[in-house]
Structure formats: structure tokens, C-alpha cells
Amino acid sequence: MFPVSREVFDTAARELEAWDDSGTELCAPFLRVLPIDGASISTLGAPFGTETISASDAFAARIDELQFDLGEGPCWRALATRLPVLSPNIRIEPNPAWPMFRAALDETDVGGLFAFPLAIGTLEIGAVDLYSSTAGPLPPEAVDDAIQLADIVARVVLRRALRDNVSAEHDPYGTGIAGPNPAVPTEEEAEGFSRRVIHQATGMILAQLDLSAADALLLLRGYAFSNGRSVRSVAHDVVARKLDFSTVLSP
């Protein structure tokens with residue numbers, strides 16, 4: 001029953017932070033702490049691909065599939081605006097931004113649909129879609145909780161994307177990119193000078209976006225991955241003030 005205690009919410013957040021492809025489904029914490037009936041988590045567009053990476057049920061997965069096929073819908077809007085898209089009665093509300101998607105929902109039992117962007121700093125990753133079979137708004141507290149959980153999921157999904165491409169013995173910085181990908185530091189790049197540049201760039205990104213050090217470094221690696229560049233070259237641009245993550249809207 002909503003609202004849940006802070007202890008329940010904190011437990012759900014910790015489960016997401018510790019997610020490692022085993023145990024808890026990525027969507028389960030959302031269902032446990034929010035007044036919803038289903039959830040899905042997807043990546044949208046390059047470099048992560050457009051796919052559902054977790055869905056609580058077949059209908060949640062179908063909502064994603066419709067948006068992918070039509071190229072429109074709340075998930076796309078949430079990522080484009082980097083803001084929650086809240087549709088308390090999506091089958092009734094006219095919306096010129098997704099007419100085909102809304103029409104496709106006419107024969108379904110969905111009531112409310114709520115989309116939250118997955119992004120870290122300037123890096124756009126995907127979206128979380130939450131649905132309710134009963135029409136009605138999400139309470140403000142639930143919106144705040146969903147935003148916090150989505151922020152955690154963004155980090156989890158980025159770490160997974162990098163890890164899935166990793167060749168550990170050739171990846172001293174843990175960029176998560178395997179083989180000849182230019183985002184993997186060479187032996188020369190792994191030497192002390194490059195480390196200092198990367199650490200300095202991490203500190204600058206931290207200050208630009210008010211992130212933790214871990215998230216700033218994750219964003220630096222993700223930016224290198226998404227642009228096919230080395231971590232060192234991106235770090236040099238940051239230190240030389242050629243690249244400011246506070247003003248770059250997308251990788």
C-alpha cells in the first residue's frame with residue numbers, strides 16, 4: 001500500500017544499486033514501492049540500441065514494443081525532454097505527440113502511463129515506463145520516488161552496457177568496452193600521466209554536473225564509448241575546456 005515507509009524504499013534502492021543480472025528483477029523494486037501495476041525498462045537509440053531490458057509482465061513489454069515500432073510515445077518524449085511524462089488517463093487524453101500510440105491503446109485496459117528518462121549527465125540512455133490499469137495521477141511522492149529509482153537504474157544500465165562489451169584483461173580502467181574499441185585505454189594510456197588526466201577530467205565533470213566521483217567517471221567512460229573515442233582523448237578535451245559536460249546536450 002502506498003505510501004511505503006522510507007525503510008522499504010531504501011531497501012528497494014539498495015537492491016537496484018547492487019543489481020548484477022541475478023536475483024532481483026530490475027522492475028521489481030518499482031512495483032514494490034509505487035502504486036502501479038506494471039513496469040518496463042528500455043534503452044532507446046544509439047549507442048545502446050532500442051530494446052526492452054526488463055519488463056514486469058507481457059503487457060508492460062507490449063507497451064514498449066508499440067512505442068519502438070511506432071517511434072512515438074511517452075518513453076521517447078521523456079528521454080527527449082529529460083523530464084517525467086505523466087499521463088493519468090492516456091486512452092482518453094488527446095496528445096498530438098503520439099496519436100498512433102494512443103490509438104493503439106484503445107483495445108487495452110491501461111489507465112495511467114508514466115515515463116521517466118534514464119540519463120546520466122549528458123548521456124541519454126533510455127526510459128522507465130510505469131502503467132496502472134486504473135486511470136488516475138501518480139501522487140507527487142510517488143513521482144519523486146520514481147525519479148530517484150530511475151536515476152539508479154540509469155547507472156545500472158550504463159554499467160551493464162559497458163560490462164557486456166568488456167574484455168577484462170584488456171580493460172584496466174573498467175570502461176566495459178572490449179577488443180580494439182578505441183574507448184579502451186592502450187598500455188601507454190594506462191600510464192601515470194593519463195591516469196592523472198582522467199582523474200582531473202573526472203573532477204571537472206563532477207563540478208560541472210554536481211555528480212559523485214563514481215558517476216562522473218562513469219559518464220566520462222560512457223561518453224567515450226558512445227562516441228568511439230578513447231577515455232584519454234575525451235579527458236584531454238575536458239581538461240583543455242574543449243568539452244564542457246554542463247553545456248553538451250547529448251553525446
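Reader: At what angle do the axes of helix 6 and helix 8 cross?
Author: Bear in mind that this is a predicted model. In it, the axes of helix 6 (residues 140–163) and helix 8 (residues 213–227) cross at roughly 50° and come within 11 Å.

Reader: What makes helix 6 oblique to helix 8?
Author: Angles under 35 degrees would count as roughly parallel, and 65 to 115 as roughly perpendicular. The crossing of roughly 50° fits neither label, so helix 6 is oblique to helix 8. The crossing is also left-handed.

Reader: Which residues make the contact between helix 6 and helix 8?
Author: Helix 6 brings Arg155, Leu158, Arg159 and Leu162, while helix 8 brings Asp215, Leu218, Arg221, Gly222 and Phe225. Sorted by class, that's four nonpolar, one polar and four charged residues. Gly222 is the polar one, because Gly is put with the polar residues.

Reader: Why are helix 1 and helix 6 called roughly parallel?
Author: Their axes cross at roughly 15°, coming within 9 Å. The label needs an angle under 35 degrees, and roughly 15° meets that, so the two helices are roughly parallel. Their crossing is right-handed.

Reader: What classes of residue sit in the contact of helix 1 with helix 6?
Author: You'll find seven nonpolar, one polar and five charged residues there. Helix 1 gives Arg6, Phe9, Ala13, Leu16 and Glu17. From helix 6 come several residues, including Leu149, Ile152 and Val156.

Reader: What makes the contact of helix 8 with helix 9 stand out by class?
Author: That contact has six nonpolar, no polar and no charged residues. Leu220, Tyr223 and Ala224 come from helix 8, and Val231, Val234 and Ala235 from helix 9. Tyr may surprise you, but Tyr counts as nonpolar here. The two axes come within 9 Å and cross at roughly 115°, in a right-handed crossing.

Reader: How do you know which strands are at the edges of the sheet?
Author: Look for strands that pair on one side only: strand 2 (51–55) and strand 3 (85–87). The open sheet has five strands in the order 2-1-5-4-3, with antiparallel pairing. On average, neighbouring strands are turned by 20° against each other, direction ignored.

Reader: What makes strand 3 and strand 4 count as a pair?
Author: Pairing takes at least two bridges. Strand 3 and strand 4 (residues 112–120) are joined by three, so they qualify. In one of these, Val85 has Ala115 of strand 4 as its bridge partner. Helix 4 (residues 74–81) packs on the sheet, touching strand 3, strand 4 and strand 5 (123–132). The direction of helix 4 makes about 40° with that of strand 4.

Reader: Why is the meeting of Glu15 and Arg32 called a salt bridge?
Author: Side chains of opposite charge can pair when their charged atoms come close. The cut-off is a side-chain nitrogen within 4 Å of a carboxyl oxygen. For Glu15 and Arg32 the N to O distance is 2.6 Å, so the pair passes the 4 Å test. Glu15 lies in helix 1 (residues 6–17) and Arg32 in helix 2 (residues 28–33), so this bridge ties together parts 17 residues apart in sequence. The count by this rule comes to eight salt bridges.

Reader: Why is the peptide bond from Ala46 to Pro47 called cis?
Author: Its omega is near 0°. Pro47 is in the loop between strand 1 (38–43) and strand 2.

Reader: What makes the phi of Asp210 worth a look?
Author: Phi is near 55°, a positive value in a residue other than glycine. Asp210 sits in the loop between helix 7 (192–209) and helix 8.

Key. Residues numbered from 1 in each chain as written. Predicted model: local features only at pLDDT ≥ 70, side-chain atom pairs only at ≥ 80, totals over all residues. Heavy atoms only, no water. Axes fitted to C-alpha atoms, helices over the stretch in contact; angles between N-to-C directions. Helix = DSSP H or I, 4+ residues; strand = E, 2+ residues; numbered from the N terminus. Parallel < 35°, antiparallel > 145°, perpendicular 65-115°, else oblique. Left-handed = near helix turned anticlockwise from the far one by under 90°. Contact = heavy atoms within 4.5 Å.
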